[in-house]
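Trainee: I'd like to learn how to read a few features off a model. Can we walk through some together?

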Amino acid sequence: MRDLRKLRLGAAALALLALAGCSSDKKTQPSAPSNSKSAPTGGPRLFTVPADQMSHVQLVTLQTTDMQRVLQLPGTVAYNQFTTTPVISQVSGKVGRIVVVPGQTVKAEEPLLYVSSPDFAQLRSSYIKARDAHELAHKNYVRSQDLYQHHAIAERDVQAAESAEVQAQADLEAAEQSLRIVGANPDSIMRARGAEVAVTAPIAGEVVERLVAPGQLLQGGNTQCFTISNMSNVWVMVNVYQEDLQYVHVGDPAAIRSDAYPNTFHGKISYLGAALDPATRTLQARVVTDNPGEKLKKDMYVTVTVVAGTIRNTLAVPDAAVLRDAENEPFVYVEAAPGQFAQRSVKLGQAYGGKTQVVAGLQAGDKVVGDGSLFLQFQNSLQQ
């Protein structure tokens with residue numbers, strides 16, 4: 001019985017070894033070939049466009065060319081400081097009447113508001129006294145000349161009368177000048193109502209800001225009441241990046257675009273700053289432009305396009321050739337063989353005039369898909 005049991009255990013062990021050997025042999029055998037196509041390794045994946053659909057694809061053979069260097073610069077609209085001025089009251093007192101509103105066009109010397117001023121009342125009184133004294137001194141001098149010719153008075157009396165008139169004339173001129181300094185017109189001083197004086201416009205233009213209210217107390221020579229500007233011509237202040245400074249010059253033409261309007265405004269660079277902004281490392285430049293219809297408003301954000309020289313021997317593709325992947329990286333489709341295309345990543349430069357500069361990823365002689373690149377992207381997605 002013991003020998004029979006040993007024989008049975010030996011037979012079971014041999015059976016297990018046989019099964020293990022069969023399993024190992026199956027694992028080492030090569031798998032059967034698959035009917036599915038695998039993508040080639042070591043290069044870009046190709047996909048095919050049928051010949052009857054190639055009419056949807058425009059191929060462009062790349063060649064080196066010259067492009068205009070175009071800079072896209074951010075900017076803001078500002079008043080033309082040569083035709084803009086603050087209106088400052090020259091007398092102290094309370095604002096009585098305001099006779100203009102922002103947006104109104106005024107002429108030079110036109111009244112803008114009236115101020116009730118004790119200082120002006122004193123100046124007006126001094127002027128009236130000086131004028132009256134001058135009139136009296138002049139009459140005395142004329143009378144003394146007549147009496148002297150008739151030998152009725154001595155020569156020293158004529159000289160005294162002449163001296164009195166000269167002194168009265170000097171006092172009158174000083175009083176007139178004091179009135180002109182505060183913006184009052186001596187010729188119409190007698191028509192002024194008590195202590196009320198007009199603050200007038202120093203230049204012609206549009207009232208763009210009102211900074212005071214009725215009843216407000218003004219400090220002579222210090223309080224700004226209005227801002228007047230000629231809005232038919234404005235400045236656009238742009239920021240030029242440090243690496244672009246060598247391409248920007250005074251006199252370069254500039255095209256100004258705003259999201260608010262479809263049309264383009266044209267101007268020229270008139271000034272380049274003397275120092276960079278330490279925070280942004282940009283240089284401020286000034287563009288002067290006409291403003292038809294006064295559409296450009298102060299502090300409006302704009303984009304300024306400056307044509308700054310030429311880029312020599314560069315590669316450029318049509319704008320339609322450039323697409324973006326899921327990571328927003330640019331790429332183009334390049335013909336690898338007739339009817340076969342590959343997606344190739346590129347590094348872009350500037351875009352202008354319907355073409356985009358390619359600074360890396362392509363070389364002269366490459367055939368790039370222009371119009372029809374979206375069609376290829378759809379075909380590519382079907383074959384993935």
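Mentor: Sure, let's begin with burial: buried means under 20% relative accessible area, exposed over 50%, and partly exposed in between, using a 1.4 Å probe and protein chains only. Keep in mind that this is a predicted model, where local features need pLDDT of at least 70, side-chain atom pairs count only at pLDDT 80 or more, and totals for chains, interfaces and linings use all residues. Residues are numbered from 1 along each chain as its sequence is written, and side-chain values use heavy atoms, with hydrogens and water left out.

Trainee: Is N291 buried or exposed?

Mentor: N291 has a relative accessible area of 2%, so it counts as buried. Its place is the loop between β15 (282-290) and β16 (301-318); strands are DSSP runs (E, at least two residues), numbered from the N terminus.

Trainee: What does the side chain of N291 reach?

Mentor: Think polar contact: a pair of N or O atoms within 3.5 Å; within protein, one must be able to donate a hydrogen and the other to accept it, and residues adjacent in sequence count only if both atoms are side-chain atoms. Here the N291 side chain reaches the backbone oxygen of M231 at 3.0 Å.

Trainee: And which residues does T282 touch?

Mentor: Contact means heavy atoms within 4.5 Å. Not counting residues up to four places away in sequence, T282 touches N239, V240, Y241, L276 and D277. T282 sits in strand β15 and is buried, at 6% relative accessible area. A polar contact of 2.7 Å also joins the side chains of T282 and T280.

How values were computed: Helices (H or I, at least four residues) and strands (E, at least two) are DSSP runs, numbered from the N terminus.
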